[in-house]
Amino acid sequence: MVKWRDSFSVGIAEVDREHMELINIFNEIHQLKQDRLRLDKFDGIIEILGRLSDYTVRHFETEETIMQRYNYPEYAQHKKEHEDFMAQVNNIDVSQIDFEQDSYLRGIMDYVGNWLCDHILDSDRRMGDYVCAVK
Ligand SMILES: [Fe+2]
């Protein structure tokens with residue numbers, strides 16, 4: 001689980017809103033994993049991962065549009081971080097996600113959760129500071 005905290009705020013309302021939604025979708029996977037009453041979790045997890053991936057693509061576009069609008073000097077580097085992350089996400093082998101291989105899913109969740117938190121706290125906040133200073 002990732003809990004929203006004030007330090008995640010980058011000072012751009014649209015970006016903050018999308019980050020909250022990303023965290024919500026991410027947390028749905030945890031909730032589903034923990035739901036002992038549901039036995040057929042595989043399809044649900046794949047569905048949420050797909051939604052998370054689609055929403056992330058749109059969210060990165062939002063950030064990249066903002067960075068371009070304000071001529072953000074670290075645009076290329078930030079965009080590369082997004083691309084590297086999406087390459088990792090697209091590399092997920094869904095056939096390995098079943099309940100005999102819980103550790104594979106745990107690995108994905110740790111990677112995505114940690115990346116989101118680190119990226120927001122570092123790169124996205126730096127972008128927000130810049131945009132707030134120039135706009
Ligand atoms: Fe970003």
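Visitor: What covers the buried residues of H1?

Guide: The cover includes H2 and helix H4 (102–134). Bear in mind that this is a predicted model, in which local features need pLDDT of at least 70 and side-chain atom pairs count only at pLDDT 80 or more, while totals for chains, interfaces and linings use all residues. Residue numbers start from 1 along each chain as its sequence is written.

Visitor: What makes a residue buried, exposed or partly exposed?

Guide: You count the other C-beta atoms, placed from the backbone, within 10 Å of its own: 20 or more is buried, 12 or fewer is exposed, and in between is partly exposed. Of the 135 residues in the protein chain, 14% count as buried.

Visitor: Which residues of H1 are buried?

Guide: Val-15, His-19, Phe-26 and Ile-29.

Visitor: Why do they line one face of the helix?

Guide: Looking down the axis of H1, the buried residues fall within an arc of 70° (taken from the directions from the helix axis to the C-beta atoms), so they line one face. An α-helix has 3.6 residues a turn, so residues three or four places apart point the same way. Over on the other side of H1, Ala-13, Arg-17, Gln-31 and Gln-34 are exposed.

Visitor: What makes the span of helix H1 agree with what it should be?

Guide: The expected span is 1.5 Å times one less than the number of residues. For the 22 residues of H1 (residues 13–34) that gives 32 Å, and the end C-alpha atoms are 32 Å apart, so the two agree.

Visitor: Why does Phe-60 count as partly exposed?

Guide: Phe-60, in helix H2 (residues 41–69), has 18 C-beta neighbours inside 10 Å, which falls between the two cut-offs, so partly exposed is the right label.

Visitor: And why does Lys-80 count as exposed?

Guide: Lys-80 belongs to helix H3 (residues 75–90). It has 11 C-beta neighbours inside 10 Å, so it meets the exposed cut-off.

Visitor: Why is Asn-71 exposed?

Guide: Asn-71 sits in the loop between H2 and H3. With 9 other C-beta atoms within 10 Å, it counts as exposed. Asn-71 also has a positive phi of about 50°, although it isn't a glycine.

Visitor: What are the elements of the protein chain, from the N terminus on?

Guide: They run α-α-α-α, with four helices and zero strands. Helices are DSSP runs (H or I, at least four residues), as are strands (E, at least two), numbered from the N terminus.

Note on methods
Two residues are in contact if their C-beta atoms, placed from the backbone, lie within 7 Å.
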